[in-house]
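Here is a short briefing on how helices pack in this structure. Look at the model first.

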Amino acid sequence: MTALAAPLPAPAARSRHLAGTGALVRLALRRDRVMIPAWVLTLGLVVAAMGASFDAVYGTAAERARLAVSMNGNGSMRALYGPVLSDSLGGLVAWRMAGFGAVLAAVMSLLIVVRHTREEEETGRQELLSAAMVGRRAPLTAALLTALTANAALAVLITGGLTASGLPGAGPLALGTAIGGTGLVFAGLAAVAAQLTESARLAKGLTGAVLGLAFALRAAGDAQGPGATSPLTRVSPIGWAENLRPYADERWWTALLFLAAAALAVGASYALTARRDIGMSFLPARPGPAVAPRSLSGPFGLAWRLQRATLLGWTLGFLCAGGIFGGIAEGAFDLVGGNRQTREIVERMGGQQGLTEAFLATMTGMLGMVAALYAAGAVLRLRGEETGERAEPVLACAVGRLRWAGSHLALAYGGTAVILTAGGLALGVAYGLSADDLGGALGPVLLAALAQVPAVWTLTGLAVLVLGLAPRATGAVWALVGGCLALGWIGPALDLPGWAMDLSPYSHLPKLPGADATAAPFAWLLILSAALAAAGLAGLRRRDIG
């Protein structure tokens, strides 16, 4: 008589589902041994250095108080950065970095979780691991533990860095908790998105959309009034980071919101992963038509189909950003006031012309630096097609490598011009309407935005070079783009030496509108971009695909 196997006790069943978690955590940390330290060190050190920057610019209590009054009295600036809840030096650091740091921590977390969950399933590696002694929930648990490790390290670095820089007390711990807690919330949301969608790209897009909504709710709530008391701010995780109030009578109970939201999202992701097969999703893609449209008859049509949603999202984002920046440009003098140090920083970023023109030049420069993120992503989509084994079927047809790569690069280069045009138009229209000079403002501001194209294309060519010659090191592209963004954002405030600023291609462009411009810097950057892209394409023709 055959004996029936008794069901495993609950603790044993849980242990079976989590088998192999430790090995997967070690594997994830090894794979992310460059990405996680780069994110954590960059963001943590920027937060720690911000105190010295504010101390140099606003060295007296009176200057800090005037800055707080000026910022809190401008709805557009509150929407962009949030309200100033304390005019102490630590309070200014929290005002400048709480929301910005929370967004970056959220991006870091969603990249980590999606990479080690949905991306592993999409490439088929998770199915191979599951054939060994790996529990059903081990991959998700390992991804969440990796994200927890990264956010905990970030919180510790921020706390220690601010304390060491002379800003002790409970404020550093509160700011570290706010930024790290936001990262944990979006790690949980990314885990849910990885169960709902069938591709890593859609999981990242869905989580990114939630992050964008959280930022928009925070911005709309803060625009209504100072104090971060709006209901819209209170329902946003980015707003929770403000309401923890570092250096402003900390509200520690707000940290419970991060824990509750993260626990709820993680619990939902575990419940979902137990109810689906590996590789499947709860939101499967709709089947396409039986006959493909003529637009998909060539590689460009396919590249357009793959990247059009991304381009549309970036275009809409630049329209919104340009409108916000243009709306506050007319009040640039009031925002700066009589603070000589602030005026010098704006002039280092935007040129020695009038303060309003320098502010506009600063904003167009920021749009140009952010546009490099889109360009890098469009180029690296080629690498994603390789590793996802979708490039080989295309290249097996009558499509050469250069034609295949050129279809995606056309969107990388052309899309850059499109989103900068959108940002320049919105910036020029908003500023022109506020200054009652639409006809005189639109043209110069639009040209200033388009003047950033050669610098963005230089970084695009650098991405092509890495893709063609060192495809395994494509993660370095994000570090290079992020380095240029950091130089442009905090370099003038820290008064970095000229040789350091010259490492960025943006430093070689004239500060438009208002500055004198010659064709030489644009021509040299375009030549450099073409040379880098040509070398990268030559390498792509000679190396193995995948």
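Two helix pairs are described below. This is a predicted model, where local features need pLDDT of at least 70, side-chain atom pairs count only at pLDDT 80 or more, and totals for chains, interfaces and linings use all residues. Residues are numbered from 1 along each chain as its sequence is written, and side-chain values use heavy atoms, with hydrogens and water left out.

**Helices α3 and α9**
- Helix α3 spans residues 35-57 and helix α9 spans residues 138-164. Helices are DSSP runs (H or I, at least four residues), numbered from the N terminus.
- Their axes lie 9 Å apart, at an angle of about 25°. Axes are lines fitted to C-alpha atoms over the stretch in contact, and angles run from 0 to 180 degrees between N-to-C directions.
- α3 and α9 are therefore roughly parallel (angles under 35 degrees).
- Contact means heavy atoms within 4.5 Å. On the α3 side, the residues in contact include Ile 36, Val 40 and Leu 41. Those of α9 include Thr 146, Ala 150 and Ala 153.
- The residues of this contact are 13 nonpolar, three polar and no charged. Ala, Val, Leu, Ile, Met, Phe, Trp, Tyr, Cys and Pro count as nonpolar, Asp, Glu, Lys and Arg as charged, and the others, Gly among them, as polar.

**Helices α10 and α11**
- Helix α10 (residues 171-196) and helix α11 (residues 200-224) have axes that come within 8 Å and cross at roughly 140°.
- α10 and α11 are therefore oblique (neither under 35, nor over 145, nor 65 to 115 degrees).
- Phe 186 and Leu 189 are among the α10 residues in the contact, and Ala 203 and Leu 206 among those of α11.
- This contact divides into eleven nonpolar residues, one polar and no charged.

How values were computed:
Helices (H or I, at least four residues) and strands (E, at least two) are DSSP runs, numbered from the N terminus.
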